[in-house]
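Hello,

I am handing over the structure below. Please open it before reading on. My notes follow it.

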Amino acid sequence: MKLTTKLLAATAMISASAASAVELEVTHWWTSGGEAAAVSKFAEAWNATGNTWVDGAIAGSGGTARPIIISRILGGDPMGATQLNHGRQAEELIEAGMLLDLTDVAEAEGWKDIVNPPTLLDACTLDGRIYCAPVNIHSWQWMWLSHQAFEDAGVDVPSNWDEFVAAAPALEAAGKVPLAMGQQPWQSSGAFGVMTIAIAGTEAWLQVNRDKDADVAAGPEYTKVFEAAVTAREMAAESNVQDWNLATNLVITGQAGGQIMGDWAQGEFQVAEQVAGEDYTCLPGLGVNEILDTAGDAFYFPKQDDPEIEAAQKEMAAMLLSPDVQVAFNLAKGSLPIRGDVDLSAANDCMKKGLEILAGGNVLPSGDILLSPDTQGQVEDLMVEFWNDPSITAADAQARYAAIIADAD
Ligand code: GAL
């Protein structure tokens, strides 16, 4: 090849890659230490393709971020990609035709064969078309216990909810907050959901959340849950923190006995270099009912009417599910990968417990999949009031809850 031809070829290559290098702004609410460590795995992988990840982190967790994300899309200021929980949060945006259809990517990449459990892809699908890329399985069904706190209190680390409740006086006597609980509405509402599945059982939870059966919500199984919630409220009375990760930090530093929180808490223990089984214990299903709900995160790509951006959006969608990216991201995040064909030998004890439960098929759909954002908002409002006002009895709260379920769609 003559030198000039070589140069021409090189120039052509450079301009080709420059033409395909796209900046995509990606919005998400991953701002705690563990979350930031995890999202950087996506950013690194994306930047390694020659494109640029423009980080659009929104502080304050999902409750704050989601309305901002949705109003930007509706208001004509769409980002390149955004995190949401897969489920019903994007339903209206899809119906309004504002999100990119990813069905061709999903078919080319074989998502139907690899995404496990299949409900995660179903949650991205409307009228047979796929609109999101699921990136992880997060489950709410965990309790995190501080070994330090129980050692200081002179009691064994509990192995279930009843033992935890029984240990509360010893924790209090040792100056600990028995139960860490942040003030953001979704936290008490999520903890209530976990107590429901553990205490009322899977069947009752499905009857209420899937079938919207208000009689079950008003019935005796749920009475037990509201009574347990009163106990939990007393145990959390001195927990004066706002953000979920600050509540997790009370557990990490031994100031609190435990926290009911989804497995994203695991990212915080990791950043603090704590070891599962040595420094902390995780109890799936409060040690009572070992089952995981399969909530999680997915990426949606608002339509931009620009073929170059659209191509980059589809490239990112495929990348998010690729095996190496799945492993790196989920190990940092504390979530489980959405594909079973990846090497997770590096998983810690808690993730391994989660993987076993998943392999045994002991899973439930998440509340995000079953309940509309409106119903979820009403439950959150009730829980905030209930957790902050000890004069609201278990019976009052249960009656109000049953009325919300009676109206739920
Ligand atoms: C959830 C999300 C998790 C986690 C958590 C706390 O909605 O699925 O990835 O980040 O919020 O921010």
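How far is an oxygen atom of the ligand from an N or O atom in the side chain of Asn85? The distance is 2.9 Å. Please keep in mind that this is a predicted model.

The ligand site

Asn85 is one of the residues around the ligand. Four tryptophans are listed there by name besides Trp29: Trp30, Trp186, Trp244 and Trp264. The list also includes Glu35, His138, Asp297 and Lys333. Two more side chains place a polar atom by a ligand oxygen. For Lys333, the distance from a polar side-chain atom to an oxygen atom of the ligand is 2.8 Å. For Trp29, the corresponding distance is 3.2 Å.

The two domains

The chain splits into two domains, and each is made of two stretches of sequence. Domain 1 takes residues 5-137 and 296-355. Domain 2 takes 142-293 and 364-406. Their centres, taken over C-alpha atoms, are 30 Å apart.

Where they meet, 26 residues of domain 1 are in contact with 24 residues of domain 2. About 1,900 Å² is buried between them. Carbon and sulfur atoms give 53% of that area. On the domain 1 side, the residues that lose the most area to domain 2 are Arg88, Cys350 and Lys353. Together they make up 28% of what that side buries.

What kinds of polar pairing occur between the domains? There are 10 residue pairs in polar contact, counting pairs with both residues at pLDDT 80 or more. Salt bridges between domain 1 and domain 2 number zero.

Which helices supply the domain 1 side? At least two residues each come from α2 (33-48), α17 (323-333) and α18 (349-359). The largest share is from α18, with five residues. By class, the domain 1 side that touches domain 2 has 14 polar, seven nonpolar and five charged residues.

Salt bridges

The structure as a whole holds 12 salt bridges. One of them pairs Glu25 with Arg72, with the closest N and O atoms 2.8 Å apart. Glu25 sits in strand β1 (residues 23-28) and Arg72 in helix α3 (residues 61-74), so this pair ties together parts 47 residues apart in sequence.

Two backbone details

Look at Pro117 next. The peptide bond joining Asn116 and Pro117 is cis, with omega about 0 degrees. Pro117 lies in the loop between α6 (111-114) and α7 (119-122).

Then go to Lys212. Lys212 is not a glycine, yet its phi is positive, at about 55 degrees. Its place is the loop between α11 (202-209) and α12 (214-217).

Where to start

I would begin at the ligand, with Trp29, Asn85 and Lys333. Then turn to α18, on the side of domain 1 that touches domain 2. Finish with the cis bond before Pro117 and the positive phi of Lys212.

Best wishes

Terms used
Residues are numbered from 1 along each chain as its sequence is written. This is a predicted model: local features need pLDDT of at least 70, side-chain atom pairs count only at pLDDT 80 or more; totals for chains, interfaces and linings use all residues. Side-chain values use heavy atoms; hydrogens and water are left out. Domain bounds come from an automatic or database domain assignment. Contact means heavy atoms within 4.5 Å. Buried area is the accessible area (1.4 Å probe) that two parts lose on being put together, summed over both. A salt bridge is a side-chain nitrogen of Lys or Arg within 4 Å of a carboxyl oxygen of Asp or Glu. A polar contact is a pair of N or O atoms within 3.5 Å; within protein, one must be able to donate a hydrogen and the other to accept it, and residues adjacent in sequence count only if both atoms are side-chain atoms. Helices (H or I, at least four residues) and strands (E, at least two) are DSSP runs, numbered from the N terminus. Ala, Val, Leu, Ile, Met, Phe, Trp, Tyr, Cys and Pro count as nonpolar, Asp, Glu, Lys and Arg as charged, and the others, Gly among them, as polar. A residue is near a molecule or strand if one of its heavy atoms lies within 4 Å of it.
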